Amino acid sequence: MTTITPSTQTSQDLFTRACAVMPGGVSSPVRAYQSVGGQPFFIASGSGCHVRTEDGNEYLDFVGSWGPLILGHAHPAVTSAVQKAVALGTSFGAPCLPETELAEKICAMSPVLDKVRFVNSGTEATMSALRLARAVTGRDGFIKFDGCYHGHADSFLVKAGSGLATFGESSSAGVPTACSALTGVLPLDNEKALEEWFAANGDQTAAVFVEGIPANCGLLPQRKEWWKKLREVTRAHGTLLVVDEVITGFRVAPGGFCSLEGIDADLVTYGKIIGGGLPVGAYGGRKDLMDRICPDGNVYQAGTLSGNPLCMAAGIAALDAIVAQDGWQRLEQLGSHWERLLQPLLAREIAAGHPLTLTRRGSLFWLCFDATEAPRTFAAIPSSGAKRFARFFHELLSRSIMIAPSAYEVGFLNLAMDEEILTQAAVAFGEALEASR
Ligand SMILES: *Cc1c(COP(=O)(O)O)cnc(C)c1O
């Protein structure tokens, strides 16, 4: 075992150092705490459902690296698989057995996959799936939904324009207008918007991208009737339905959202969990579509480190460990326990005149401050809630609980948690709610 020497610098010192050499001091923007105020902690280590900061403080972690750590931090099976793999060499740029093994596993579990291609992130997965959809249909336009996140490729950094269903405006500087003009943005939860879009633009629409359970802008589960309509209109217009399961894949059910809800997607994207905490992404679907990918077909996509043996080993170990403990059933048990603990706390806040809602699907949960009804669209999320959330966030931190530093991010339960830990956490949640009114 290596011993960790505690840093002699506090998180505050370390953040100052980081800011001098990295934009915002971070490698991904939300980590900088800008929407909640204050400064981020530097995490030195994680074990099970806890993280330890460079300052030597311990927090119960409801972030789980934003989704991948369904088993908690440093799960022994994953750690030992990576240790074994690393000793054999870290990258070959040539086929290796663990790729085939992980591919076999996820193709067997996912109802959508005949074949899969591994990439290094969820961003690469959606970007590549879009290229494939464009190649297959010979169309350039596609649509996404307001409030869904599909990584940071140019085509997806697009927000809704002024109308109900429009080609979008880029949501980041540096995205060419010529690119964002090909991305349509529709509201969720609205069959009429779908019908109108497809009546006007259906035969120019290569694909619809949608998160299985939209979980990057609050948790916005969609109605079965909406999903039915979505599949109907896409099929009628020869548009591919691409379900982005980067969060939901292998979390909400063994085969992800598509198997849970019986969604007959054309393509799916995965990431997060299938890398066991190492960088990975994947996209795949029916054989006839995937056969268009290079070298079998003419849709180019490649990666120096793709199918990396460490990531593959971690992914295999993580999936095996979840299966071995019937993890999906256990997560649902934990989730319903958590929901039962939170409900009376919410009732108390509401009675005191401070409305908020709880949305939960399996191990994903989201508190929406100032809402009186659980939102199903981005537009229905009250922006006023962010202020109260910021206070709530810091009240939780002071009670040794870490949740994501944004009102629009969901909470993640993991298999290292248990009923007792959640019961204790609920006490802190109750106090923090009251203190942040
Ligand atoms: C996280 C996420 C992505 C992007 O994945 P990265 O690995 O961060 O690039 C894409 N889609 C969804 C639904 C996600 O949650």
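A residue counts as partly exposed when its relative accessible area falls between the buried range, under 20%, and the exposed range, over 50%. Asp370 fits that middle class, because its relative accessibility comes out at 27%. Everything described here comes from a predicted model.

Asp370 also has an unusual entry to look at in its backbone. Its phi is positive, near 75°, even though Asp370 is a residue other than glycine. As for where to look, Asp370 sits in the loop that runs between strand E15 (364-369) and helix H12 (385-397). Asp326 tells a similar story: here is another residue that is not a glycine with a positive phi, this one about 50°. Asp326 belongs to the loop between H10 and helix H11 (327-351), and with a relative accessible area of 42% it is partly exposed.

That leads straight to helix H10, which Asp326 follows. H10 covers residues 309-324, and its 16 residues should span 22 Å at 1.5 Å a residue; the C-alpha atoms at its ends are indeed 22 Å apart, so the two values agree. Most of H10 is tucked away, with 13 of its 16 residues buried. At the N-terminal end, Asn308 acts as a cap, placing a side-chain oxygen 2.9 Å from the backbone nitrogen of Leu310. The loop between helix H9 (287-290) and H10 holds Pro295, and the peptide bond joining Cys294 to Pro295 is cis, with omega at about 10°.

Helix H4 (residues 122-137) can be checked in the same manner. Its 16 residues should span 22 Å, and the end C-alpha atoms are 23 Å apart, which agrees. H4 is largely enclosed by the rest of the structure, because 12 of its 16 residues are buried. Among the buried ones are Gly122, Thr123, Leu130, Leu132 and Arg134. Right after H4 comes Gly138, with a positive phi of about 65°.

Two of those H4 residues turn up again beside the ligand. The residues around the ligand include Gly122 and Thr123, along with Ser121, Tyr149, His150, Glu211 and Ile247. Sorted by class, the shell is made up of 3 nonpolar, 6 polar and 3 charged residues. Several side chains come within polar-contact range of the ligand. A polar side-chain atom of Asp244 is 2.7 Å from a ligand nitrogen, while one from Lys272 is 2.7 Å from a ligand oxygen. Asn216 joins in too, with an N or O atom of its side chain 3.0 Å from an oxygen of the ligand. On its own the ligand has 380 Å² of accessible area, and the protein covers 83% of that.

What about disulfides? The structure holds 0 of them. For Cys148, the nearest cysteine sulfur is that of Cys217, 8.6 Å away. A disulfide needs the two sulfur atoms within 2.5 Å, so the sulfur of Cys217, at 8.6 Å from that of Cys148, is too far away for a bond. Both cysteines are nonetheless covered: Cys148 counts as buried at 7% relative accessibility, and Cys217 is buried with a relative accessible area of 10%.

Finally, Thr423 lies in helix H13 (residues 419-435) and is partly exposed, given its relative accessible area of 35%. Thr423 and Ser45 are 378 residues apart along the chain, and their C-alpha atoms are separated by 24 Å.

Notes: Residues numbered from 1 in each chain as written. Predicted model: local features only at pLDDT ≥ 70, side-chain atom pairs only at ≥ 80, totals over all residues. Heavy atoms only, no water. Buried < 20%, exposed > 50% of the residue type's maximum accessible area, 1.4 Å probe, protein only. Near = heavy atom within 4 Å. Polar contact = N/O pair within 3.5 Å; in protein donor to acceptor, adjacent residues only side chain to side chain. Areas by Shrake-Rupley, 256 points an atom, 1.4 Å probe, with all protein chains shown as cover. Nonpolar A, V, L, I, M, F, W, Y, C, P; charged D, E, K, R; others polar. Helix = DSSP H or I, 4+ residues; strand = E, 2+ residues; numbered from the N terminus. Expected span 1.5 Å × (residues − 1).
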